[in-house]
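Colleague: I'm new to this, and I'd like to learn how to read a protein structure. Could you walk me through it?

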Amino acid sequence: MAELRLDGVVKRYGRTVALDGMSFEVGDGEFFCLLGPSSAGKTTTLRAIAGLEPLQAGSIAFAGREVTGAPVQGRGMAMIFQTFALYPHLSVRQNLAYPLARDGKARDEVRRRVDEVAELLRVGHTLERRPATLSGGEQQRVAIGRAIVRRPKLLLLDEPLTNLDAKLRHDMRTEFKRLHRELGMTMLYATPDQLEALTMAERVAVIRDGRVVQTAPPRDLYARPDSTYTAGMVGAPMMNLIQGRVRHAKGGATIELPFGALDAARWGDGLRAGDEVILGIRPHDVRLGSDPHALSLRAGVRLTEPLGDVTVLDLAARGAPLKMVLREEVASRLKEGGEVEVSFRPQDAHLFHKETGVRIG
Amino acid sequence: MATVTTPTPVRSPTKAKMRLPRRRQEIGKAGWGWTAFVGLVSMVYFFPVLWIILTAFKSRTDAFAIPPKLFFTPTLDNFVSVFYRASISGGSQQTDFPLYFFNSIFIAGLSVLIAIVLGTLAAYAFSRFPLKGTDTYMFIILTTRMMPPIVAIIPIFLMFRLTGLSGTYFGIILLYTAFNIPFSVWLVKSFFDELNPEVEDAARMDGATEGRVFFGVCLPQVLAGLAATFVFGLILTWNEFLFALLLTGVETRTVPVAMARTLGGEVGVDYGLLAAIVTLFLIPIFFVTFLLQNQLLRGITFGTVKR
């Protein structure tokens with residue numbers, strides 16, 4: 001059952017179109033992620049759902065009820081803002097109690113629930129302090145606490161990890177997963193970071209220019225991106241996208257690439273000779289050494305980027321850039337400026353129309 | 001000349017350092033040399049005030065002594081003569097200064113208060129609910145403060161005569177309120193603009209009505225700013241002379257006007273008396289500034305928001 005449904009939502013600011021027919025559904029208790037670069041419309045989407053932005057067109061339904069145009073107060077949702085947006089003039093305890101007080105809850109119940117949430121999020125020691133005196137991670141946890149203290153049916157999260165350092169981000173990702181499991185509330189999480197989307201979400205909607213371009217579970221999104229846009233967005237390091245052209249030869253169709261031809265039998269009859277295509281190959285699928293069943297090529301090593309356990313190699317083959325990932329102990333034997341023999345197999349490749357960016361096959 | 005130690009190069013303070021008590025951290029950073037230097041400059045600024053206060057406690061001969069006396073026998077005669085003057089019959093007669101002090105406090109206090117209330121409401125509206133051309137309106141509001149007030153004195157004088165506002169509390173308070181509103185709107189708007197609007201959105205989502213958002217969330221965050229605006233407005237209005245001279249009557253006269261009237265006469269300027277009035281006149285402003293000091297320095301909204 002769909003808990004939240006957006007249908008053709010349009011939001012314009014003057015001449016700029018922020019949301020251009022945004023539609024998607026989120027199931028009850030689902031962890032749903034909106035993935036897109038900045039200014040793709042993620043924040044506006046969340047604000048529209050919360051009722052903070054009036055819409056020009058479209059409708060929003062929540063918990064079986066049309067909420068388009070309904071006041072912000074009383075929608076039964078909570079939001080975690082990018083800036084945390086804690087009340088600076090109130091203590092942590094007062095911050096956590098604020099939503100409950102607005103609901104008119106009795107004083108001892110407020111106290112009990114605040115203590116409960118403070119313990120769940122391990123901020124009990126900060127209760128009497130002002131938000132300004134807290135560390136970034138503590139502020140974040142208080143913001144989460146304030147959002148969940150009155151047990152909303154839907155939690156909106158607007159890039160909640162953007163303002164934290166790398167180590168904290170990692171911890172908080174686990175924390176969000178844990179909270180989702182323990183509280184069982186529906187979560188809608190907006191982020192520009194594909195890693196956050198892949199690690200936490202049950203389903204991801206990729207956003208571009210105010211509309212959804214693909215919705216899928218993280219694994220499918222990674223394995224079968226619908227378009228070059230999604231392909232470039234999901235996975236790190238980014239998928240290699242190489243321009244090519246379809247050619248029919250004696251042995252069947254091939255794809256002519258700057259550094260050689262790849263057997264295109266896999267894509268069957270869908271390809272016409274002369275078609276301009278973009279071939280995608282993930283850096284992890286580029287192997288060291290030659291392979292008779294694959295496209296093998298020689299490439300120069302331009303740069304090495306050690307990440308600790310693995311190293312990203314920045315290669316160039318006949319002018320075309322190509323990235324690959326190697327285990328550190330293998331990569332350490334290669335030198336910048338040297339040459340390597342690499343290969344990749346047709347079954348690992350993704351093919352897209354050059355003009356539309358749409359996936360083939 | 002005081003020797004000045006070279007300040008240590010500015011480092012970005014670590015988080016732990018930021019939590020040190022303000023005062024200790026700052027002296028630690030600037031060093032005693034700079035602290036002493038700033039103290040010296042402050043003394044130069046404070047000197048005229050100090051001079052006036054000292055003169056208020058001097059006898060007439062001490063006040064005119066050359067070279068000036070730094071050590072003298074203090075006397076309260078000047079303060080007494082602010083409130084009582086010798087009458088022809090040999091007894092003493094009460095002056096009207098208690099009334100003038102009341103007038104100054106009442107007129108300045110009330111007009112600044114009204115201006116702050118109206119200015120804050122207007123500033124919030126301008127900051128949060130912008131109209132088409134908000135900048136133009138803000139500019140127009142400012143233009144009223146661009147010309148020297150004396151330019152408008154004749155029309156204002158005539159209007160006050162015509163409407164019977166001359167010499168009334170209502171009239172002068174109305175005028176001072178009108179003077180204070182533009183700058184209240186501008187100052188307070190800048191404080192509202194500094195706030196993080198997501199905090200207000202958070203309050204709305206937490207179930208706060210628009211009234212609560214304003215009174216419970218926005219207003220407490222700009223209290224320090226309101227205090228500063230109040231003090232500035234109060235000082236401006238407190239010392240205003242020109243309009244008070246022309247538009248107040250016997251009953252509504254303020255201290256600056258009354259002070260001017262003690263000048264002249266057959267004995268020349270009685271500097272001791274004048275200094276005593278000024279000293280008394282300083283007390284309410286000192287008092288208010290001191291009371292609001294905490295608000296002025298607290299700056300509760302700084303550093304709570306990561307941008």
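Modeller: Sure, we'll go from one chain to its surface, then to domains and the contact between chains. Keep in mind that this is a predicted model.

Colleague: Okay, let's start with chain B. How many helices and strands are there in it?

Modeller: Chain B has 14 helices and two strands. One of the helices is α5, which covers residues 97-128.

Colleague: And what share of the residues of chain B counts as buried?

Modeller: For that, look at relative accessible area: under 20% is called buried. In chain B, 37% of the 307 residues fall in that group. As for the outside, chain B exposes about 18,500 Å², and 71% of that comes from carbon and sulfur atoms.

Colleague: What about contacts inside chain B? How do I read those?

Modeller: You can ask how far apart the partners sit along the sequence. Take the contacts in chain B with a separation of 6 or more: 70% of them join residues 24 or more positions apart.

Colleague: Back to the surface, then. Which residues make a nonpolar patch on chain B?

Modeller: Look for B:Phe102, B:Phe106, B:Leu110, B:Leu113, B:Ile114 and B:Leu118, which form a nonpolar surface patch of about 490 Å². B:Leu118 belongs to helix α5.

Colleague: Why does B:Leu118 count as partly exposed?

Modeller: Partly exposed is the class between buried, under 20%, and exposed, over 50%. B:Leu118 gets that label because its relative accessibility is 43%.

Colleague: Got it. Now chain A: where are its domains?

Modeller: The domain assignment puts domain 1 at 2-233 and domain 2 at 240-353 in chain A. Their C-alpha centres are 39 Å apart.

Colleague: How much area do domain 1 and domain 2 of chain A bury between them?

Modeller: About 580 Å², with 63% of it on carbon and sulfur atoms. On the domain 1 side, A:Tyr222, A:Thr228 and A:Ala231 lose the most area to domain 2, together 70% of what that side buries. Eight residues of domain 1 contact six residues of domain 2, and the count of salt bridges between these domains is zero.

Colleague: Last one: how do I read the contact between chain B and chain A?

Modeller: Use the same kinds of questions. Chain B brings 26 residues and chain A brings 29. Together the two chains bury about 2,400 Å², 56% of it on carbon and sulfur atoms.

Colleague: How many salt bridges are there between chain B and chain A?

Modeller: Two. One of them links B:Asp206 with A:Arg146, whose closest N and O atoms are 3.8 Å apart.

Notes:
Residues are numbered from 1 along each chain as its sequence is written. Chains are lettered from A and ligands numbered from 1 in the order in which they are written. This is a predicted model: local features need pLDDT of at least 70, side-chain atom pairs count only at pLDDT 80 or more; totals for chains, interfaces and linings use all residues. Side-chain values use heavy atoms; hydrogens and water are left out. Patches are made of residues with over 30% relative accessible area and no salt bridge: like charges are joined within 9 Å, nonpolar side chains (Val, Leu, Ile, Met, Phe, Trp, Tyr) within 5 Å. Accessible areas come from the Shrake-Rupley method with a 1.4 Å probe; for residues, only the protein chains shown count as cover. A salt bridge is a side-chain nitrogen of Lys or Arg within 4 Å of a carboxyl oxygen of Asp or Glu. Helices (H or I, at least four residues) and strands (E, at least two) are DSSP runs, numbered from the N terminus. Buried means under 20% relative accessible area, exposed over 50%, partly exposed in between (1.4 Å probe, protein chains only). Domain bounds come from an automatic or database domain assignment. Contact means heavy atoms within 4.5 Å. Buried area is the accessible area (1.4 Å probe) that two parts lose on being put together, summed over both.
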